[in-house]
Amino acid sequence: MRICPTVISALLYRIFRCAGIDNRMDITLTQLRYFKEAAAQLSMTAAAGRLNVAQSAVSAAIAQLERAVGAQFFIRQRSKGLVLTSAGELFLRDAQSILAHVEESLDHARGEQRSVSGRVRMACFSTLAPFLLPGLLTRLSEEHPALELEVIEADTAGCANALLNGQVELALCYDMGLPEGISTTVVDRSRPYLALPPNHAFVGREEVALAELKDEPFVLLDLPYTRDLMLSLVRKGGHEPNVKFRSGSYETVRTFVAHGHGYSILHQRPHHTMTYDGGQIATAEIKDSVPQLRTVIAHLESQRPTARLRAVGQTLRQQIVAAHASRT
């Protein structure tokens, strides 16, 4: 179904007026799309490659946009690429909102029964990625074959920054350390558990109180915000953590535990107890009252829920349900 250009022009007129932009400005959707991609890539050349156009076309469109608005959006640095100015950061939010509004309106005009197509960029917290991403991509390819999901892995700060600078539209992460301006929807909850060496004295017990682990060596999953959470959980046992080893890799932490270098506290539960090198870990529930960690889909508060974003969110929820069912 093709949308009449007159309809698009009228829609743009209304959206620009709502955004406080003078409709006399010669601003086009193409300019906004090129600007958004350049802001995401921080490179005219990279943006042109993603858009399948000449680099000169991207540069010219952004220059025209800057003249129309009367502000400089980028500082051009030969060695470092592009840097968004404060005006560019502000306009990026409006550009994202306008493009999402246009997409949402076109979705309504076409009817959502039509197959969802296009590209969605998503950031994923690194420890969640191996548990959810492969199955999510498989489901999306089956249910929405024309929809492309592009993913980057990051820690909490990286996910938040990717959202704020327009690099991604969605983030799958834990609900911790996210700044203002980001909206979240809870899609899962995980209770922490103990990872123990296979020959530990507590192996075979269903529950262990944190106080019983006093002075025992602790292997810390050392990621921003995660480390503080894990250390606070150990302190619930009434003692300071005896951190002997730390790693930003979930699987490295498990391997240290399997070799008897200490216990750890984790949230995600693999389907088996083996480690990469063939070792084994044991697990036990934490007897103490400990908070669950919420997994969320995050997006900018100003981001409109387009059909593509809704499709990814719905498919992700289906994958989480399937993942839980496979463990029971």
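These are my notes on one sheet and some salt bridges in a predicted model.

**The sheet**

I began with the strands and found five of them in an open sheet, ordered E4-E3-E5-E13-E6, with mixed pairing. At the edges I noted strand E4 (147–154) and strand E6 (182–190), each of which pairs on one side only. I looked up the turn between neighbouring strands of this sheet, and it is 20° on average, direction ignored.

I then took one pair. Strand E5 (residues 170–174) runs antiparallel to strand E13 (residues 293–300), with four bridges between the two. I checked cysteine 173 and found valine 296 in E13 as its bridge partner. I also saw helix H6 (residues 129–143) packed on the sheet, where it touches strand E3 (118–125), E4 and E5. The direction of H6 makes about 170° with that of E4.

**Salt bridges**

I counted 14 salt bridges. Glutamate 150 took up most of my time. Its side chain meets that of arginine 50 at 2.2 Å, N to O. This pair links helix H3 (residues 44–51), which holds arginine 50, to strand E4, which holds glutamate 150, 100 residues apart.

Glutamate 150 also forms a salt bridge with arginine 121, with 3.7 Å between the closest N and O atoms. Arginine 121 lies in strand E3 and glutamate 150 in strand E4, so this pair ties together parts 29 residues apart in sequence.

I looked up accessibility next. Arginine 121 counts as buried because its relative accessibility is 8%, under the 20% limit. Glutamate 150 is partly exposed at 22%, and arginine 50 is partly exposed at 28%.

Last, I noted a network of salt bridges that links Glu37, Arg50, Arg119, Arg121, Glu148 and Glu150.

Conventions: Residues numbered from 1 in each chain as written. Predicted model: local features only at pLDDT ≥ 70, side-chain atom pairs only at ≥ 80, totals over all residues. Heavy atoms only, no water. Pairing = 2+ DSSP bridges. Axes fitted to C-alpha atoms, helices over the stretch in contact; angles between N-to-C directions. Contact = heavy atoms within 4.5 Å. Salt bridge = Lys/Arg side-chain N within 4 Å of Asp/Glu carboxyl O. Buried < 20%, exposed > 50% of the residue type's maximum accessible area, 1.4 Å probe, protein only.
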